[in-house]
Each structure stands twice: as C-alpha cells, then as structure tokens.
Amino acid sequence: MSGDHRMLTLLLFGAVVVATLAITRRAGSRRQGSPEEFYAGGRLFTPMENGFAIAGDYMSAASFLGVAGLIALYGYDGMLYSVGFLVAWLLVLLLVAEMVRNCGRFTLADVVAVRMRERPVRIALGCSSVTVSVLYLVAQLVGAGSLVALLLGDHGAAVRTWTVLGVGALMVFYVVCGGMRATTWIQIVKALLLMGGALALSVLVLLRFGGDLAGLLTSAAENSGHGKDFLAPGLRYGGAGWISRLDFLSLGLALVLGTAGLPHILARFCTVPTARAARRSVVWAIGLIGGFYLMTIVLGTGAAALLGSDAVRRSSRSGNTAVPLLAAELGGGADSTGGAALAALVAAIGFATILAVVAGITLAASAAVAHDLYASLARRERPEGWRREGGWRRPGGWEPPVGRERQRWGRKSEVAVARVAAVGVGAVAVGLSLLARELNVAFLVGLAFAVAASANLPVLLYALFWRRFTARGAVWSVHGGLVSAVVLVVLSPVVSGGPQALFPGRDFAYFPLENPGLVSVPLGFLAGWLGTLLSREDPDAARHAETEVRSLTGAGAV
C-alpha cells in the first residue's frame, strides 16, 4: 500500500473514532448515576431504534469479516454460519423476547432470580455472563487486528498488538463515559453503515456477473480450487469422517441455541418500555439481520469468484481479510486509487462494526460483575452486629445512609463498580485476543455461542417454563454447562494439537470436536434437571405462578 493510500485509510479510521467519541460525549452529558440510565438508557428507546441497535450489536466482525471469509474458503460449509446466525432469531422471537422484558431488569440473572433464592443464582449467572462476554470480545478484537494490519500493509505482530490495545481502550471509554445510551446510538449508526456498505458491495459483485447468480456460483466453484465440491457439504464439516460430521452438528446446535443466551442481546430487551416494544424490536432486527446474512453469501462467493480461495488464504489463513480484498478488486485493483479507496471505506465500516459490538459486550459484562456478583457478595459480607431498625445500623460505629438516601448511595456504588469492571473485562479480553490472533473470528464467536447455549439457555428456559425448578437446579445447570463447555474447549483441537491451534507445539487435544455444543448443551440441561431432583428445598409454587403471570402479561414488570 502506498503512502497516500495508507493516509486515506488512517483518515477514515480517524473519522470513525471521532464520530463515536462525539456520540459518547453527547450521551455522557446526561446523568449516568442511576443503574436504569447506565444499564438500560432509561428504557426510552423506540422499537425501531432498539431493533437497529440489536442488529448493530449482533452483526459483528464475525459476520462482516469471518463469515464471508469462511464462505470464500469453504463454500457451502461456510454458509452454515449465515443460516445459523439468522435462524437463531426465531427462537428469540417466539420464546425469549417478551418474557425477558417482563421478568428482567438489567441482566439475565434478574429473570431467573424472580422466582428463587437470589444470591447463589446471581453469582453463578454472573460468572457465566462474564465468560461468554470475554469469549465474544476476543473474537471482535482479533478481527480488528486483522483488518488494520491488512489495510496498513503490515502483517507484523506489532500492528495487531497496538490495534487491539487501541480498540480495547476505546471500548472501555465508551462504556465508562456513555453507558447504554452512547452504546445504543453507536450501534444504530454502525448498523446503517454496515447495511449500506454490504449492499453496495453486493450490488457491485452482481454487476460483475450481469446479475446472474448462477454464473457467480459457477465462477466461485471454478476459482476455489475445489470445483463442484465447493458448492457441496464436506470441505470443512460433514466430510467422510464421523468426527467431521459431529462437528457440523455441534456447530449448528450452538449457533441456533446460543443467541437466546447471549448476555448483551438479552440486555437490549430491557431498554424499551414494554414487552410489546421488545417483540417489535426483534421483528425489526430479524428483517435487518436476514438481509445482511443473505449479502454475506454474495460477498463470500464473490471473493472466491474474483480473487480465488488461494489468494484469500495467502492473505489470511482464516479468511478474515476476504471482504477488504474483494472491495479492492471491485474498485479496480489493490494498486489503483479506486481500489484502495473502496477497501479503506469498507475497512472503516468494519472498524465501526467492531467498536460498536465491543462496547455492547463490555457493558453487559460490567453489568454482570456489578449488578450480579458485586451486589450479591456485598450483601453477604455485611458485618455481624448490623440490625434492621428503619435502616441498617451498626451499634457504636458509623451508620450508613438509611431510607431513600441509602438506596441512592447503593445505586451509585453499583454504577461505580460497573465502570471499574469495564476496565478489568477489557484488559482480560485484550490479553486473550493477542494469543488467539490467528484464529477465524466467526469460529471464535461459535465458541462463545456454545458456552451461552450450554450455561445460560438451559437455566433461562427452566426458570420460565418448569414449575418444579429450584435454586440448586439453577446453579447446577449454569455450572454444569459452563464448566463442561470451557473444559471441552481447552481439551479440543482449537487449543492444541494442530498448526492453527493456540498452542501448536503442544498436544493435549483429548476431545475430538472443535465446538463443544453437542456435548455441553445437553449436559447443561441434564445438570439443571438433576440438581432440581436432588434439591432439598420445595419449589415455591406461589412465586412460580407469579412469575408465569408476569412473564405472559407484564403485570408487575419494571
């Protein structure tokens, strides 16, 4: 890349950063002291605004970079991600959206804790939500490093490292200073940019082939190096071996079930005033997300047809750079001004995509730490000798605020902890992303979906629909799904035993599947059922009835 082209790229990246910082400053000018404002933006967003924000939160770097790259490399098998990410929203629309809004307040733990003992459930779900969020953050940061390295023409470790550090600092700033309000408007702007960019590229690809989809697919198969096999199952999943077939099934299960357990997606349903608004938000989101994933198929096959799978693989083994390379080709070639400008514009949109998504995920993780973990542990660690007499009092010592003043003090303390937690979560995600920089971002997101489907979805469905469900069952379900998913990932070929693993020089891949969903999701449901059967406490029929009425009608919703 020439100096002029590199300067254009940096200017566009700078414009994206300045725009997002301006949105954060505008949103941060409002009071952010209450949890309602910081976590949920005051619940003042319309269904259309929230639908665009959900789409902006969901259409991540994995979608824009990773899915198109996998389609360019593996054809039919890569399209599984597009189908799985979209089909998952039918489950969200039918079973989750309205009920979560009626029973929830800020986090997933709020929904489950409505009908059972709060402390153990909140601690378990808080740990699970943070784990899922960190895995998802790693995928976005890996995509950011690949994107900037490609556009600057430097594939060294230093460029990726500084990019990851910069994006990590920005995402923490957005959350700490702007809360949910700034995050939402950044996601709305990002959704508009991403849809516009994907539509423009898709139109340019189709124009190259005269609008002939059959010609596009035929050319993609010819230039992929695999011939007709490119358009048939088996290049990556579902081949001759039974392990490959099980991996295919495991990935599909994780993608379809994982969306309903993602903490940052569930949190978006609490930013609208009513359950009806939450359902309408999902309808808006499905329309946007469906259109976008159809376009990723055009972009992936277009990259294979115009560039060839080998060219994409030479640039990035995981295919993360397929879309920027395609943009350069459509603009006249990487060495032309038009090609460099279009590639830089696409990269800037991808950069905005990453910034918007990481802000939402970081906010969800910080909410889990402050609202679930900190609040539960703080209540548990109250010193002996305190008594309730119109407020908590400690004989012979300092008296904390009472009544409304004490409530305001507690809320401000929780928000302060959430801001500190955002810094800690960001630091952990940055460190892990530097280790995983060679993995495909869509594949990393698939792992996050598997953990969400294993640990969060079982307890959510049990709490909403099973009358006998108890607190022990909830804790066992979360820990059973979470521990099994994480352990199986550590023992899988993703971490060791192969040239593309995190530790290629080591081999402790005792679990043969790359995605643990096929085993860990049933274990999550089984652990919840077993924990409930072995529980000594009787299920609270009255609280279940109250939860059922609240989830279906919205009576008593916050």
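Here are some notes on the cavities, salt bridges and a few single residues in this predicted model.

1. Let's start with the empty space. Three cavities of 30 Å³ or more turn up in the structure. The largest has a volume of about 60 Å³, and the second largest comes in at about 40 Å³.

2. What lines the largest cavity? Phe106, Thr107, Leu108, Ser129, Pro263, Ala267, Ala364, Ala367, Ala368 and Asp372 do. By type, that lining splits into seven nonpolar residues, two polar and one charged. Helix H11 (263-268) and helix H15 (337-380) each put at least two residues into it, and H15 gives the most, with four.

3. The second largest cavity has a lining made up of Tyr39, Phe106, Met180, Ala267, Leu363, Ala364 and Ala367. Here the split is seven nonpolar, no polar and no charged. H15 again has a hand in the lining, supplying the largest share with three residues. If you flip between the two linings, look for Phe106, Ala267, Ala364 and Ala367, which appear in both.

4. On to charges. Side chains of opposite charge can pair when their charged atoms come close. How many salt bridges does a search of the whole structure find? The count is six. Three residues, Asp110, Arg122 and Asp372, are linked in a network of these bridges. Asp372 is also one of the residues lining the largest cavity, so you may want both views on screen.5. Arg105 and Glu36 form a salt bridge, with their closest N and O atoms 2.7 Å apart. Arg105 sits in the loop between helix H5 (76-103) and helix H6 (108-113) while Glu36 belongs to helix H2, so this pair ties together parts that are 69 residues apart in sequence. Both partners are partly exposed: Arg105 has a relative accessibility of 27%, and Glu36 has 24%.

6. Glu37 and Arg181 also meet in a salt bridge, at 2.8 Å from N to O. Glu37 is in helix H2 and Arg181 in helix H8 (residues 157-208), so the pair ties together parts that are 144 residues apart in sequence. Are these two residues buried or exposed? Glu37 is buried, at 9% relative accessible area, and Arg181 counts as buried at 11%.

7. A further bridge joins the side chains of Arg279 and Glu98, 3.0 Å apart from N to O. This one links distant parts of the chain, with Arg279 in helix H12 and Glu98 in helix H5, 181 residues apart. Arg279 counts as partly exposed at 32% relative accessibility, and Glu98 is partly exposed too, at 29%.

8. Tyr293 is worth a click. Its place is in helix H12 (residues 275-306), and with a relative accessible area of 2% it is buried. Tyr293 and Ser82 are 211 residues apart in sequence, yet their C-alpha atoms are 5.4 Å apart in space.

9. For backbone geometry, check Arg43. This residue has a positive phi of about 55° although it is not a glycine. Arg43 is found in the loop between helix H2 (35-40) and helix H3 (47-58), and it is buried, with a relative accessible area of 9%.

10. Last, the surface. Trp476, Val519, Leu523, Leu526, Trp529, Leu530, Leu533 and Leu534 form a nonpolar patch with about 660 Å² of accessible area together. Helix H20 (residues 517-533) supplies the largest share of the patch, six residues. One of the patch members, Leu533, is found in H20 and is partly exposed, with a relative accessible area of 38%.

Conventions:
Residues numbered from 1 in each chain as written. Predicted model: local features only at pLDDT ≥ 70, side-chain atom pairs only at ≥ 80, totals over all residues. Heavy atoms only, no water. 1 Å grid on protein atoms, 1.4 Å probe; cavity = no way out; pocket = protein on both sides within 12 Å on 5 of 7 lines; lining within 4 Å. Points joined across faces, edges and corners; volume = space filled by probe spheres on them. Nonpolar A, V, L, I, M, F, W, Y, C, P; charged D, E, K, R; others polar. Patch = residues over 30% accessible without salt bridge, like charges linked within 9 Å, V, L, I, M, F, W, Y side chains within 5 Å. Areas by Shrake-Rupley, 256 points an atom, 1.4 Å probe, with all protein chains shown as cover. Salt bridge = Lys/Arg side-chain N within 4 Å of Asp/Glu carboxyl O. Buried < 20%, exposed > 50% of the residue type's maximum accessible area, 1.4 Å probe, protein only.
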